[in-house]
Amino acid sequence: MSAVLRIPTVLRPAMGGETTISVEGTTIGAVLADVTARFPAVKGQLLNEDGTLHRFLNVYVNDDDVRYLGGVDAAVADTDEITLLPAVAGGAW
Amino acid sequence: MLTLTFDQREAMVATCIRALPDEGCGLLLGRADGVVVDVVASANVAASAKVYEIDPRVLLATFRRADDEGLEVIGVFHSHTHSPAYPSATDIRQAPDPAWHYVLVSLASSPADVRSYSVVQGEVSEEDVLVEGVTGTRADD
């Protein structure tokens, strides 16, 4: 068994064109390590050099933002759905 | 082209006015042909007059709603409180989706100026905005 990862439109071309994939790992860090091993092209959009979550990426476990669950240490269960959504941000600056 | 109702346009402007002195923002739920079905206001979690960020909870809820209703998130709007309705360097650098409509609401003048753009690989193009049968005028017309 494994968790399901929902892939945002902008990352699909670099991730096999799929809407969802099965992922392995018991933490968000492990799941993202699984994803970046399979799709190295997206690593820079998911993680910083130091392995922390990219500033402009939102990661959710079910309905919860992982920033409030411990970031890359957030727990993932087999039945969970993980969603990646690039942050929507900008401004006049 | 972006197509929306007068009330949807006014909802965007009202969201941006309520957010003052900070920038206001929200998402556009609609169809791939550029027709807006709903304007979804968001808190600006950056809480700034110079930058905005859509509330991650609103972002997730709106994508879920799009899936449930057979719609798409087709764009985002935000205000420039003291500058023209044109994407800034920050807007262009952080534009996540080349298919999206990037709507700028400038409150630098009254009435508010509302314009829409596409941003593809850093290239900005203004597009027409159709509001209830009235075609907007692009800056280069």
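This section describes one strand and one helix of chain B in a predicted model.

Strand β5(B) spans residues 72-80. Eight of its nine residues are buried, leaving the strand mostly covered. Two strands of chain B pair with β5(B), and they do so in opposite senses: β2(B) is antiparallel, whereas β6(B) is parallel. Strand β2(B) comprises residues 25-30 and is joined to β5(B) over six bridges. Within this pairing, B:L27 stands opposite B:V76 of β5(B). Strand β6(B), residues 101-106, is likewise linked to β5(B) by six bridges. Here B:S79 has B:V105 of β6(B) as its bridge partner. The connection from β5(B) to β6(B) passes through helix α3(B), residues 89-94. This β-α-β crossover is right-handed.

Helix α1(B) covers residues 6-19 and contains 14 residues. At 1.5 Å a residue, α1(B) should span 20 Å; its end C-alpha atoms lie 20 Å apart, so the expected and computed values agree. The buried residues of α1(B) are B:R9, B:M12, B:T15, B:C16 and B:A19. They occupy an arc of only 125 degrees around the axis, and therefore sit on the same side of α1(B). In an α-helix, residues three or four places apart point the same way, because there are 3.6 residues a turn. The face of α1(B) turned away from the buried side carries exposed residues: B:F6, B:D7 and B:R18. Helix α1(B) thus has a buried side and an opposing face with exposed residues.

Definitions and conventions: Residues numbered from 1 in each chain as written. Chains lettered and ligands numbered in written order. Predicted model: local features only at pLDDT ≥ 70, side-chain atom pairs only at ≥ 80, totals over all residues. Buried ≥ 20, exposed ≤ 12 C-beta atoms within 10 Å, placed from the backbone. Helix = DSSP H or I, 4+ residues; strand = E, 2+ residues; numbered from the N terminus. Pairing = 2+ DSSP bridges. Right-handed = clockwise from strand over helix to strand, strands pointing away. Expected span 1.5 Å × (residues − 1). Arc of directions from axis to C-beta.
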